[in-house]
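Trainee: Could you take me through one helix of this model in detail, including its surroundings and the charged and aromatic contacts around it?

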Amino acid sequence: MTTSLCALGVLRASLAFSTAPSSSAASRSSTLMVAAVRSSAFSSSSALFSSKEEVDPGKVDGTDLRILKYPHPSLRAANAEVTAAELEDGTITKIAKEMLLVMYAAEGIGLAAPQVGINKQVMVYNESGDSKKWLDEVVLVNPKIVEFSEGRDVEMEGCLSFPDMNGDVERSKWIKVEALTTKGRKVKKKYKGWEARVFQHEYDHLEGKVYIDHLDEENLGQVKPTLDQLIEEFGEGGEL
């Protein structure tokens, strides 16, 4: 699975160095979620590959939520801000818990609410991808990026909503974020490195964007056959 920040599935991986990834490496990278090619903004000298493969878990015990595939219209729809009432009555806490169940079942590291058909400003992630490390779980409500770094880098990303594909994505090296917890507490934090990328990938979903929006012409051309196959299988709603 490519690093899919999407149901973020993004997974940590072992580091494989190569200037021209082999076919086996490419195959492995297509199983990452947000994927990681640690590189400068204009070159990729190393690739991060997941130690696990993302899966489509289908029906997950404890929830009726399922991961939606491109081009489901929920992936492009506007996402409403969570209200104080929704925080107070426990609705968002329940949704977040179920999203984490789905994320772990899919071997992912991140998931945004629209990926499970809930068009609300909610994201969850665990940058370790390990459900046993529950202290690493992050749930953010109504998040906003208030500052980006000028420095940028490129890594390979994929997404649970875009199975069997990936591509190089350029993002800011660090970001400053404001958000709410499920208890309504305000959070201000600076994210760097891997966590900054995970956040940006999931944040894109809340903005109605997906990782393929960042691909250059070459990368987009490489995944076009897979996109066409997804459109044929799941409908025309999100065709490029």
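**A close look at helix H4**

Mentor: In this predicted model, helix H4 covers residues 193-206, and because each residue should add 1.5 Å, its 14 residues should span 20 Å, which agrees with the 20 Å between its end C-alpha atoms. H4 is mostly covered, with 13 of its 14 residues buried, and just after the helix Gly208 takes a positive phi of about 75°.

Let us turn to the charged contacts of the helix. Arg197 and Glu155 meet through their side chains in a salt bridge, at 3.4 Å from N to O. Since Arg197 lies in helix H4 and Glu155 in strand E10, this pair ties together parts that are 42 residues apart in sequence. Both partners are covered, for Arg197 is buried and Glu155 is buried as well. The contact also belongs to a wider arrangement, in which salt bridges that share partners join Asp153, Glu155, Glu157, Arg171, Arg197 and Asp204 into one network.

Strand E10 takes part in another such contact, this time with strand E11. Glu170 forms a salt bridge with Arg152, whose closest N and O atoms are 2.6 Å apart; because Glu170 lies in strand E11 (residues 162-172) and Arg152 in strand E10 (residues 152-159), the pair ties together parts that are 18 residues apart in sequence. Here Glu170 is partly exposed, with a relative accessible area of 29%, and Arg152 is likewise partly exposed, at 34%.

For context, a search of the whole structure finds 13 salt bridges. One of them is formed by the side chains of Lys144 and Glu81, at 4.0 Å from N to O, and this pair links distant parts of the chain, with Lys144 in strand E9 (residues 138-148) and Glu81 in the loop between strand E6 (46-50) and helix H2 (84-88), 63 residues apart. Lys144 is partly exposed, with a relative accessible area of 32%.

The aromatic contacts complete the picture. The count of aromatic pairs comes to four, and among them is the stacked pair of Tyr191 and Phe199, with 5.5 Å from centre to centre and 20° between the planes. Tyr191 is buried, as is Phe199, and they are counted as buried because each has under 20% relative accessible area. Elsewhere, ring pairs link Tyr70, Phe162 and Tyr211 into a cluster, while the charged end of Lys190 sits over the ring of Trp174, 4.4 Å from its centre.

How values were computed. Residues numbered from 1 in each chain as written. Predicted model: local features only at pLDDT ≥ 70, side-chain atom pairs only at ≥ 80, totals over all residues. Heavy atoms only, no water. Helix = DSSP H or I, 4+ residues; strand = E, 2+ residues; numbered from the N terminus. Expected span 1.5 Å × (residues − 1). Buried < 20%, exposed > 50% of the residue type's maximum accessible area, 1.4 Å probe, protein only. Phe/Tyr/Trp six-rings, centres within 6.5 Å; stacked < 30°, edge-to-face > 60°. Lys NZ or Arg CZ within 6 Å of the ring centre and 35° of its normal.
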